[in-house]
Amino acid sequence: MALIGYHASHEQFRPSELLTWVKLAEENGFEAINCSDHFNPWSERQGQSGFSFAWLGAAMQATSLPFGVVCTPGYRYHPAIVAQASATLAEMFPERFWISLGSGEALNERITGMKWPVKDERNARLKECSEIIKRLLNGESVTHHGYTTTEEARLYTRPDKNPLVLGAAVTTETAAWLGSWADGLITINKPYNELKELVDAFRNNGGKGKPMFLKVQLSYDETEEAAQLGAFDQWRTNIFSGTVLGELWTVEQFDAVGEFVRPNDLSKFVRISADPDVHIDWLRQDMELGFERIILHNVNRNQEKFINDFGKNVLPAIKSLK
């Protein structure tokens, strides 16, 4: 019984544009919204980086859908501030907000001037921050000295029901690790067998029965050529492994590595098709794996056509499968 959602990409569009797209998405039958949280875009061609938490208040007021955001605590966001922002949104919009926590990328987090840690330390910092956030959401007064420092922090404004605190994973190893402590999982699309391995790793290591969300990166447009070229223009800097995406520091570096990518290289990472039936088949396979929410991110710039066409042709077909 997966809800099909729309992804609002702050790297690619001005916040005012994204507000238009999420309202249009609701009108066309999308059932949830997820948004990114960047300080820098992946590319000069994307060219934006609105502040997600400010935008979320406006977008949630303008619609009636559930919303989520992916962010990284422990660097530019102290975990107590992430907890406060989450509690405020969850109190204002009961049972409509979730948050996904990841280990982050230097592209966004290194702006504070902190030394960018190795992956193992980033994971340890993520788990620590998640525990602080959950304790604060539960009403505890928190003092903690570790990778981050929190002293006598307490949330005076809390929701009646806490938001889900998901963990973000792109590898099987991370998914298995998250299974033991996160409220649920959010991941991105992969070839079916790889995605099934990731799901199994999460479920078999403490994640059984916990919600799983999937962000699908796709490119849909008037023609196959337009869909491919749109994905190449906007998303070619985003297809590398986490060891690359997590470590590069500047937009210019991402654009430099993107010069080695060719349009055909994107097909393993982005679902490129101008045929709604092809997208329906892909989504049917995702649903078989048990994802509770499937968030669709059309990575090219033609959002209006994507939202309208999927609202007319794809979402009704998916809902008929439920």
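Which residues do ring pairs link into a cluster? In this predicted model, the residues in question are Y6, F30, Y220, F306 and F310. I shall use that cluster as one of several examples of how aromatic rings are arranged here.

Across the whole structure, the search finds 13 aromatic pairs. Let me begin with F53 and Y77, whose rings meet edge-to-face, with 5.6 Å between the centres and 80° between the planes. F53 belongs to helix 2, residues 52-62. Y77 lies in the loop between strand 3 (67-71) and helix 3 (79-92), so this pair ties together parts that are 24 residues apart in sequence. Both F53 and Y77 are buried.

The next pair, F306 and F310, is tilted: the centres are 4.6 Å apart and the planes make an angle of 55°. Here the two partners share one element, helix 12, which spans residues 303-319. They are four residues apart, about one turn of the helix. Are these two rings buried or exposed? F306 has a relative accessible area of 0%, and is therefore buried. F310 also counts as buried, because its relative accessibility is 0%. I would remind you that F306 and F310 both belong to the cluster with which I opened.

Finally, I turn to charges over rings. The charged end of R110 sits over the ring of W249, at 3.3 Å from the ring centre. A further arginine, R236, lies over the face of F232, and the distance to that ring centre is 4.2 Å.

Key
Residues numbered from 1 in each chain as written. Predicted model: local features only at pLDDT ≥ 70, side-chain atom pairs only at ≥ 80, totals over all residues. Heavy atoms only, no water. Phe/Tyr/Trp six-rings, centres within 6.5 Å; stacked < 30°, edge-to-face > 60°. Helix = DSSP H or I, 4+ residues; strand = E, 2+ residues; numbered from the N terminus. Buried < 20%, exposed > 50% of the residue type's maximum accessible area, 1.4 Å probe, protein only. Lys NZ or Arg CZ within 6 Å of the ring centre and 35° of its normal.
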